[in-house]
Amino acid sequence: MKSFPKPLSAKEENEMLLQCKAGSKAARDILIERNLRLVAHIVKKYNSPDRETDDLISIGTIGLIKSIDTFDADKGIRLATYASRCIDNELLMMLRSGKKQAREVYLYEPIGSDKEGNEINLLDIIESTDEDIVDVMELESNVKKLYLFVADTLTDREREIITMRYGLAGTKEITQREIADRLGISRSYVSRIEKKALRKLKDQFDNCPMGEVG
């Protein structure tokens with residue numbers, strides 16, 4: 001993915017927002033350009049072999065522009081937070097309205113690559129420890145969603161296995177074989193329950209609009 005300009009500092013962003021609100025097209029253009037990195041970051045979630053990254057960035061940029069045009073600083077929300085929701089929603093609308101059905105992806109299946117070219121999956125995104133402000137914001141939102149979905153969507157057995165398998169709630173993650181031994185069931189049965197639970201969680205993430213958790 002190509003590089004993008006560094007984000008504005010908080011002071012610079014506030015100044016550009018004020019100028020943009022006053023009708024400055026130049027300030028609006030700067031806000032768009034300097035927030036393209038945010039678009040690229042969010043687009044990584046949707047990367048797959050059957051999707052062109054440039055097309056996704058174009059769609060995401062539409063969401064960014066909409067966010068800048070409708071942003072209201074008086075509501076006490078950061079531009080990055082608001083823009084992320086708009087970008088995500090624009091991408092989701094595009095994917096849902098597309099004629100091609102996106103291939104099914106489990107939380108543990110590869111969905112893209114990081115900066116070093118290593119494969120990443122949805123669980124990597126949820127458990128990411130990158131301290132970039134955008135990453136931190138997304139991490140907090142996704143972790144909150146994950147725990148709500150685990151509690152509300154899964155059966156007791158599914159919840160038990162997912163918690164042990166992925167080390168949720170501060171526990172240590174263990175293998176399917178270890179889970180099978182603890183529960184007195186076969187490893188293949190653990191695998192089937194895990195896959196079913198992950199499918200449920202993925203469906204919840206796909207159907208939950210940005211910013212909503214229940």
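**Helix α9 and its neighbours**

Me: Among the elements of the chain, which has the lowest mean pLDDT and which the highest?
Reply: Helix α6 (residues 122-126) has the lowest mean, 52, and α9 the highest, 93; pLDDT is the predictor's confidence in each residue, from 0 to 100. Helices are DSSP runs (H or I, at least four residues), numbered from the N terminus. The model is predicted, so local features need pLDDT of at least 70 and side-chain atom pairs count only at 80 or more, while totals for chains, interfaces and linings use all residues. Residues are numbered from 1 along each chain, and side-chain values use heavy atoms, without hydrogens and water.

Me: What makes α9 roughly perpendicular to α10?
Reply: The axes of α9 (residues 176-183) and α10 (residues 187-207) cross at roughly 110 degrees and come within 8 Å. Angles of 65 to 115 degrees count as roughly perpendicular, and therefore α9 is roughly perpendicular to α10. The contact (heavy atoms within 4.5 Å) is made by Gln176, Arg177, Ile179 and Ala180 of α9 and by Arg187, Val190, Ser191 and Glu194 of α10.

Me: Why are the buried residues of α9 placed on the same side of the helix?
Reply: Gln176, Ile179 and Ala180 are buried, that is, under 20% relative accessible area. They cover an arc of only 100 degrees around the axis, which puts them on the same side of α9; the arc is taken from the directions from the axis to the C-beta atoms. On the other side, Asp181 and Arg182 are exposed, a term for over 50%.

Me: What covers the buried residues of α9?
Reply: The cover includes α8 (156-166) and α10.

Technical notes:
Axes are lines fitted to C-alpha atoms, for helices over the stretch in contact, and angles run from 0 to 180 degrees between N-to-C directions. Helices (H or I, at least four residues) and strands (E, at least two) are DSSP runs, numbered from the N terminus. Angles under 35 degrees count as roughly parallel, over 145 as roughly antiparallel, 65 to 115 as roughly perpendicular and the rest as oblique. Buried means under 20% relative accessible area, exposed over 50%, partly exposed in between (1.4 Å probe, protein chains only).
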